[in-house]
Amino acid sequence: MGMIAGLASTLFGGGRNVVAETIGVFRENAENGALRDSVQAQAALSQFASEFALPRKSAFDQVIDGLNRIPRPAMALGTLALFVSAMVNPVWFASRMQGIALVPEPLWWLLGAIVGFYFGARHQVKGQEFQESIATTLARTGQVTERIAALQALEAGSGGRIDQIIDTDVIDADPAPNAALAEWKDANH
């Protein structure tokens with residue numbers, strides 16, 4: 001027994017854990033790693049919060065925001081204009097297309113990369129918004145099925161209640177007072 005106790009006190013005695021210290025050399029401590037990740041995430045979030053905390057009100061920011069909104073509509077309307085010009089004045093259109101045929105291939109690759117990244121970022125944002133709307137819809141599925149069951153009970157005459165069907169969230173949510181609606185309610189009630 002004395003040899004085992006001596007070995008245990010050598011490995012774990014004196015406030016040390018030689019096994020844990022040795023493993024720590026080869027493997028990251030999970031708690032310390034999680035703490036570092038948390039500190040890094042908090043630093044990134046505070047940086048983003050400070051960046052977007054103040055509303056941009058300068059004229060320069062408004063001009064840049066306006067310019068950022070131009071490319072998509074300009075490309076769509078420009079393409080439609082090309083189709084119209086091809087029908088209205090085919091000779092003028094053909095001469096412009098001959099000029100485009102002289103553009104070197106690397107420039108086409110560059111244009112494709114720029115347009116791809118520009119529209120790709122928009123596609124990603126819209127995709128994330130779509131997934132969020134689907135999640136919201138799925139979250140309301142139980143509520144909708146309860147209302148359908150209440151409607152079917154009302155239709156069958158089995159004593160369903162109308163308050164099971166009415167969307168109290170929609171009724172209670174009055175985003176802004178509507179003067180015309182208030183006047184109509186006063187006149188009819």
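This passage goes through the overall make-up of the chain, then the packing of two helices, and then two residues of helix H5.

The model is a predicted one. Its secondary structure is simple to sum up: the protein chain has 10 helices and zero strands. Read along the sequence, that gives the pattern α-α-α-α-α-α-α-α-α-α. As for burial, just 4% of the 189 residues in the protein chain count as buried. The chain exposes about 16,300 Å², and carbon and sulfur atoms supply 67% of that area. Turning to contacts, if those with a separation of 6 or more are taken, 28% of them in the protein chain come from residues 24 or more positions apart.

One helix pair is worth a look in its own right. Two packed helices are described by the angle between their axes and the distance between the axes. For helix H5, which covers residues 71-88, and helix H7, which covers residues 105-139, the angle is about 115 degrees and the axes are 12 Å apart. The crossing in which H5 passes H7 is left-handed. On the H5 side, the residues that meet H7 are Pro71, Arg72 and Met75; on the H7 side, their counterparts are Val115, Tyr118, Phe119 and Arg122. Sorted by type, the residues of this contact come out as five nonpolar, two charged and no polar.

Pro71 belongs to helix H5 and is among the residues that meet H7. The C-alpha atom of Pro71 sits 9.3 Å from that of Tyr118, a residue 47 places away along the chain. Even with its part in the helix contact, Pro71 does not count as buried: its relative accessible area is 28%, so it falls in the partly exposed class, between the 20% and 50% cut-offs.

Ser85 is also placed in helix H5, but its partners are another set of residues. Leaving aside neighbours within four places in sequence, Ser85 is in contact with Pro90, Trp92 and Phe93. Its side chain also reaches back to the helix, with the backbone oxygen of Leu82 at 2.9 Å. Ser85 has a relative accessibility of 14%, which is under the 20% cut-off, and therefore counts as buried. The two H5 residues thus fall on either side of that cut-off, with Ser85 buried and Pro71 partly exposed.

Conventions. Residues are numbered from 1 along each chain as its sequence is written. This is a predicted model: local features need pLDDT of at least 70, side-chain atom pairs count only at pLDDT 80 or more; totals for chains, interfaces and linings use all residues. Side-chain values use heavy atoms; hydrogens and water are left out. Axes are lines fitted to C-alpha atoms, for helices over the stretch in contact, and angles run from 0 to 180 degrees between N-to-C directions. Helices (H or I, at least four residues) and strands (E, at least two) are DSSP runs, numbered from the N terminus. A crossing is left-handed if the near helix is turned anticlockwise from the far one by less than a right angle, and right-handed if clockwise. Contact means heavy atoms within 4.5 Å. Ala, Val, Leu, Ile, Met, Phe, Trp, Tyr, Cys and Pro count as nonpolar, Asp, Glu, Lys and Arg as charged, and the others, Gly among them, as polar. Buried means under 20% relative accessible area, exposed over 50%, partly exposed in between (1.4 Å probe, protein chains only). A polar contact is a pair of N or O atoms within 3.5 Å; within protein, one must be able to donate a hydrogen and the other to accept it, and residues adjacent in sequence count only if both atoms are side-chain atoms. Accessible areas come from the Shrake-Rupley method with a 1.4 Å probe; for residues, only the protein chains shown count as cover.
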